[in-house]
Amino acid sequence: MIYKRSSALFAEAEKVIPGGVNSPVRAFNGVGGTPIFVKEAKGAYLYDEDGNRLIDYINSWGPMILGHAHEPVVNAVIEKAKKGTSFGMPTEIETQIAELAVSMVPNIDKIRFVNSGTEACMSAVRLARGFTGKDKIIKFAGCYHGHSDSFLIQAGSGASTFGTPNSPGVTKGTAKDTLLATYNDIENVKALVEANKNEIACVIIEPVAGNMGCIPPTKGFLEALRTVCTANNILLIFDEVMTGFRLAKGGAQELYNIKADIACFGKVIGGGLPVGAFAARNEIMNYLAPIGPVYQAGTLSGNPLAMAAGLAMLTELNNKPEIFTSLAEKTAYLHTGIAKVLTENNITHTINRVGSMISIHFDDAEVVDFNSAAKGNNDIFKAFFHGLLNAGVYIAPSAFETWFITDALSYEDLDFTIAAINTVAKTL
Ligand code: KE4
């Protein structure tokens with residue numbers, strides 16, 4: 001594959017944008033080389049600035065669950081834009097998407113829209129602190145909830161890729177209120193709760209981790225977490241920015257039948273436009289301004305274009321629940337094919353999968369938390385990434401990410417991908 005134009009564009013971008021990108025993980029620091037500049041995309045395919053076609057397994061880090069430039073979403077945005085792009089006033093479409101989301105997701109009565117997953121998680125933590133009157137939070141090493149100060153304590157995703165789990169600029173005063181637990185280790189959580197009795201406002205967790213690669217909750221872990229939170233007046237926040245509207249209509253709450261106190265959303269809920277949201281039962285959401293004391297706001301929150309994209313996306317997912325089955329079946333097919341060719345080529349690996357989230361770890365140990373995820377052979381991952389890229393398959397440029405499957409992928413695309421992995425595996 002030739003990347004001449006992408007390289008030239010990257011050199012220009014670096015002069016006016018830090019690192020040439022508007023989000024660090026795009027910079028290829030985790031795999032080396034220069035990032036690919038996309039010209040356009042349709043369905044399961046990206047078309048880069050050098051004319052290469054790439055099968056996309058990132059899908060904008062999750063939103064493109066029905067494929068790029070999905071017509072109902074695009075048409076909804078075009079029609080809405082003709083009537084104005086932002087008003088800073090309430091509009092009917094915000095109520096329409098809110099009613100739909102509340103009907104799809106269990107245990108929520110109200111939802112507040114914001115502009116990113118970071119904003120959703122940051123606001124949810126503030127709401128939990130205001131509602132409980134307590135300051136401390138528990139997060140899990142390797143989980144990523146966006147770049148709000150309280151979360152950049154051994155975060156996952158780009159922060160792990162960069163090996164700078166604790167970002168400069170986060171004050172000691174902030175960091176002291178963030179307690180770090182080990183994913184899938186309920187005894188560790190219990191010890192933290194005991195050591196900080198009556199001081200913890202919430203536990204925030206990715207119910208299926210996607211920022212250390214894909215890591216499922218071990219059997220009973222989420223149930224035990226729910227029990228500990230209930231017993232200690234701690235709110236359980238499910239960060240469903242990745243899992244929401246992807247693993248099921250009702251996300252991980254539905255899939256695992258666990259009641260979160262607050263659920264956070266992003267990615268799919270915006271159909272590719274900047275939307276985040278957080279939701280809970282009335283008792284909690286009524287604590288939010290303007291009816292409650294906890295302040296949260298946003299100029300473009302509930303923006304008509306973003307709401308139009310999100311409403312079109314959620315409407316289709318709500319009307320065609322068979323999409324979730326199709327996504328899971330395609331991901332299982334891919335899993336089986338990848339495992340077969342990596343095993344035939346004697347490549348040590350572990351594959352984690354939940355629904356349409358999947359990741360490959362180049363280590364034979366079970367990957368159940370950040371430490372075990374960090375044991376993966378990153379040199380093999382880098383060679384694997386670039387081998388696939390040259391074959392026309394685009395996966396996340398970091399070992400600390402999950403692949404996001406889109407229903408626009410055909411079984412021919414999956415077979416092409418498996419065959420490419422077979423070829424690349426012979427070079428590892
Ligand atoms: P945003 O602020 O990037 O919209 O969402 C933050 C966020 C919150 N919670 C979870 C579980 C997330 O995965 C994310 C963001 N995901 C990363 C990819 N792992 C976004 C990619 C990027 O940072 O560019």
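**Figure 1. Salt bridges across the whole predicted model, with a close look at Arg 5 and Glu 49.** Run a search over the whole structure and you get 15 salt bridges. Keep in mind that this is a predicted model. The pair picked out here is Arg 5 with Glu 49, whose closest N and O atoms sit 3.3 Å apart. Arg 5 belongs to helix H1 (residues 4-16), while Glu 49 is in the loop between strand E2 (45-48) and strand E3 (53-56), so this salt bridge ties together parts that are 44 residues apart in sequence.

**Figure 2. How the chain splits into domain 1 and domain 2.** Domain 1 is made of two stretches, 4-69 + 321-425, and domain 2 takes 71-319. Going by C-alpha atoms, the centres of the two domains are 25 Å apart. Where they touch, domain 1 puts in 36 residues and domain 2 puts in 40 residues.

**Figure 3. The area buried between domain 1 and domain 2.** About 3000 Å² is buried between the two domains, and carbon and sulfur atoms give 69% of that. On the domain 1 side, the residues that lose the most area to domain 2 are Phe 324, Met 357 and Phe 370. Together those three make up 22% of what that side buries.

**Figure 4. Polar and charged links between the domains, and the elements behind them.** There's just one salt bridge between domain 1 and domain 2. In the close-up of Lys 42 and Glu 71, which form a salt bridge, the closest N and O atoms are 3.9 Å apart. Polar contacts between the domains come to nine residue pairs. On the side of domain 1 that touches domain 2, the elements giving two or more residues are helix H12 (322-344), strand E11 (350-354), strand E12 (357-361) and helix H13 (370-374). E12 has the largest share of that side, with four residues. Sort the residues of that side by type and you get 22 nonpolar, 10 polar and four charged.

**Figure 5. The residues around the ligand.** In total, 17 residues surround the ligand, and the closest are Ser 23, Thr 118, Asn 211, Asp 239 and Glu 401. Thr 118 has a polar side-chain atom 2.6 Å from an oxygen atom of the ligand. Two other side chains line up with nitrogen: a polar side-chain atom of Glu 401 is 2.7 Å from a nitrogen atom of the ligand, and one of Lys 267 is 3.0 Å from a nitrogen atom of the ligand.

**Figure 6. Backbone oddities at Ala 69 and Pro 290.** Most residues other than glycine have a negative phi, and most peptide bonds are trans. Ala 69 isn't a glycine, yet its phi is positive, at about 50 degrees. You'll find Ala 69 in the loop between E3 and helix H2 (71-81). The other spot is the peptide bond joining Ala 289 and Pro 290, which is cis, with omega at about 10 degrees. Pro 290 sits in the loop between helix H10 (282-285) and helix H11 (304-319).

Methods:
Residues are numbered from 1 along each chain as its sequence is written. This is a predicted model: local features need pLDDT of at least 70, side-chain atom pairs count only at pLDDT 80 or more; totals for chains, interfaces and linings use all residues. Side-chain values use heavy atoms; hydrogens and water are left out. Domain bounds come from an automatic or database domain assignment. Contact means heavy atoms within 4.5 Å. Buried area is the accessible area (1.4 Å probe) that two parts lose on being put together, summed over both. A salt bridge is a side-chain nitrogen of Lys or Arg within 4 Å of a carboxyl oxygen of Asp or Glu. A polar contact is a pair of N or O atoms within 3.5 Å; within protein, one must be able to donate a hydrogen and the other to accept it, and residues adjacent in sequence count only if both atoms are side-chain atoms. Ala, Val, Leu, Ile, Met, Phe, Trp, Tyr, Cys and Pro count as nonpolar, Asp, Glu, Lys and Arg as charged, and the others, Gly among them, as polar. A residue is near a molecule or strand if one of its heavy atoms lies within 4 Å of it.
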